[in-house]
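Hi,

Here is the structure I promised to pass on. Have a look at it first, then read my notes below.

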Amino acid sequence: MKHPNGLAPRARRPLTAILLMSAFGYSQFASAGLMNTDFSDGFSGWQAEVTSYNLDTATDTTLSGDIFADFSENFSLSGDEVSLSTTASGNQEFWNIVMFQDFVVDTVDAGQSLTLSLDISSQLTDELFDFSFAQLRNLQTNDVLDLSSGGSFDISTWAGVNASLEFGVQDGDFNLGDSLSFSGLSIMQSSTIPEPATLLLFGLGALALTRKRN
């Protein structure tokens, strides 16, 4: 299938730039901590954006907000696992799928650390021309913490920051069926306890200072 502008399908769009501009233009400063992380209340507290391409008119249309019910093929939920998928229906290609939540990162008590954890996976029909991401973004500076590998991330330095937790998948080769899935999302506070080796170094440092004074 040829692109309406006469370009090969894989030259369709500069993926990252288009996705970032369209997805995050709607972010607003938050007033509460991250809500509904286990999705026990469906998609409540989250926002979505879907961009569709009309093959007949060669135009894109973007809708955003609480639109999960209108795009159930693009956003699915099983337990605490969320999946974002690119799909096609009739003459419409739903190629840019994004969800996010703006919030204030929790504050951290003295002697505590703040950890964001999640499991994440993606399936792309073309690793070069399709794109997926998961990230924590500072809404004031646009600094980004890449979460796409999944796992646990120390976000103690983000305490009190107006942030946006953002997930997305985008098709770039006209071969739909790309997906991003994540689960086990949490932000937890825990005690910061030095490792034994660190304690030993502290002790040696104190000894050296004592000997220097003597």
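**What I found**

Going from the N terminus to the C terminus, the chain reads α-β-β-β-β-β-β-β-β-β-β-β-β-α. That comes to 2 helices and 12 strands. Keep in mind that this is a predicted model.

The sheet I looked at is an open one with 5 strands, in the order 3-4-12-7-10 and with antiparallel pairing. Strand 3 (75-78) and strand 10 (151-154) sit at its edges, each pairing on one side only. On average, neighbouring strands of this sheet are turned by 25° against each other, ignoring direction.

If you want to zoom in on one pairing, try strand 4 (residues 81-85) against strand 12 (residues 179-191): the two run antiparallel and are joined by 4 bridges. For a landmark there, S83 has S181 in strand 12 as its bridge partner.

Next, the inside. The largest nonpolar core has 37 residues, and the ones touching the most other members are F75, M99, L165, F167 and F182. At least two residues of this core come from each of strand 1 (47-54), strand 4, strand 6 (92-104), strand 7 (112-123), strand 8 (131-138), strand 11 (162-170) and strand 12.

Some totals for the chain to finish. Of its 214 residues, 43% are buried. The exposed area is about 11200 Å², with 52% of it supplied by carbon and sulfur atoms. As for contacts between residues at least 6 apart in sequence, 75% join residues at least 24 apart.

Cheers

Conventions. Residues numbered from 1 in each chain as written. Predicted model: local features only at pLDDT ≥ 70, side-chain atom pairs only at ≥ 80, totals over all residues. Heavy atoms only, no water. Pairing = 2+ DSSP bridges. Axes fitted to C-alpha atoms, helices over the stretch in contact; angles between N-to-C directions. Core = buried A, V, L, I, M, F, W, Y, C linked by side-chain atoms within 4.5 Å. Buried < 20%, exposed > 50% of the residue type's maximum accessible area, 1.4 Å probe, protein only. Contact = heavy atoms within 4.5 Å. Areas by Shrake-Rupley, 256 points an atom, 1.4 Å probe, with all protein chains shown as cover.
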